[in-house]
Amino acid sequence: MTRMADIRCWRIEGRVQGVFFRCSTRRQAESLGLTGHAINQSDGTVEVLACGELDALNALEGWLQKGPPAARVDLVLPQQVTSTDVSRSFTTG
């Protein structure tokens with residue numbers, strides 16, 4: 001029996017727009033074998049939705065706590081996943 005992939009969503013607060021946060025998140029997620037997206041929000045946060053193995057999701061969440069060198073992450077807030085329609089790759093919007 002094949003196990004379904006897990007899906008998690010986070011809202012990242014801090015200095016996370018204009019500092020290559022989405023691009024760096026995509027690279028990190030792809031290196032972990034995850035699919036999903038990182039999207040700038042109008043309130044200055046970034047939404048990250050990721051789908052894959054639980055260990056990889058936990059590793060991404062740990063990475064999100066710091067982000068790339070130019071970023072300042074103040075808060076990583078888990079969000080309720082409202083859609084299971086996840087891209088087959090990791091995209092930035």
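This passage describes strand pairing and salt bridges in a predicted model.

Strand β2, which covers residues 35-40, is considered here together with its partners. On one side of the account stands strand β3, residues 46-52, which runs antiparallel to β2 and is joined to β2 by six bridges. Within this pairing, A38 has V48 of β3 as its bridge partner. The two strands form a hairpin with five residues between them, and in this hairpin G44 adopts a positive phi near 95°. Strand β2 is also joined to strand β5, residues 90-92, through three bridges, and here the two strands run parallel. In this second pairing, the residue of β5 that serves as bridge partner to H37 is T91. Strand β2 therefore takes part in an antiparallel pairing with β3 and in a parallel pairing with β5, since at least two bridges between two strands are needed for them to pair. As a general point, the side chains of a regular strand alternate between the two faces of the sheet.

Attention now turns to charged side chains. Side chains of opposite charge can pair when their charged atoms come close. A search of the whole structure identifies four salt bridges, among them the contact between the side chains of R8 and E61, for which the N to O distance is 3.2 Å. Because R8 belongs to strand β1 (residues 6-15) whereas E61 belongs to helix α2 (residues 54-64), this pair ties together parts that lie 53 residues apart in sequence. Both ends of the contact can be described by their accessibility: R8, at 22% relative accessibility, counts as partly exposed, and E61, at 23%, likewise counts as partly exposed. These values fall in the partly exposed class because a residue is called buried under 20% relative accessible area and exposed over 50%.

Another of the salt bridges links E13 with R11, whose closest N and O atoms are 2.6 Å apart. In this pair, E13 is partly exposed with a relative accessible area of 23%, and R11 is partly exposed with a relative accessible area of 26%. A further salt bridge is formed by R72 with D74, where the closest N and O atoms are separated by 2.9 Å. The relative accessible area of R72 is 43%, so that R72 is partly exposed, while D74, at 48% relative accessibility, also counts as partly exposed.

How values were computed. Residues numbered from 1 in each chain as written. Predicted model: local features only at pLDDT ≥ 70, side-chain atom pairs only at ≥ 80, totals over all residues. Heavy atoms only, no water. Helix = DSSP H or I, 4+ residues; strand = E, 2+ residues; numbered from the N terminus. Buried < 20%, exposed > 50% of the residue type's maximum accessible area, 1.4 Å probe, protein only.
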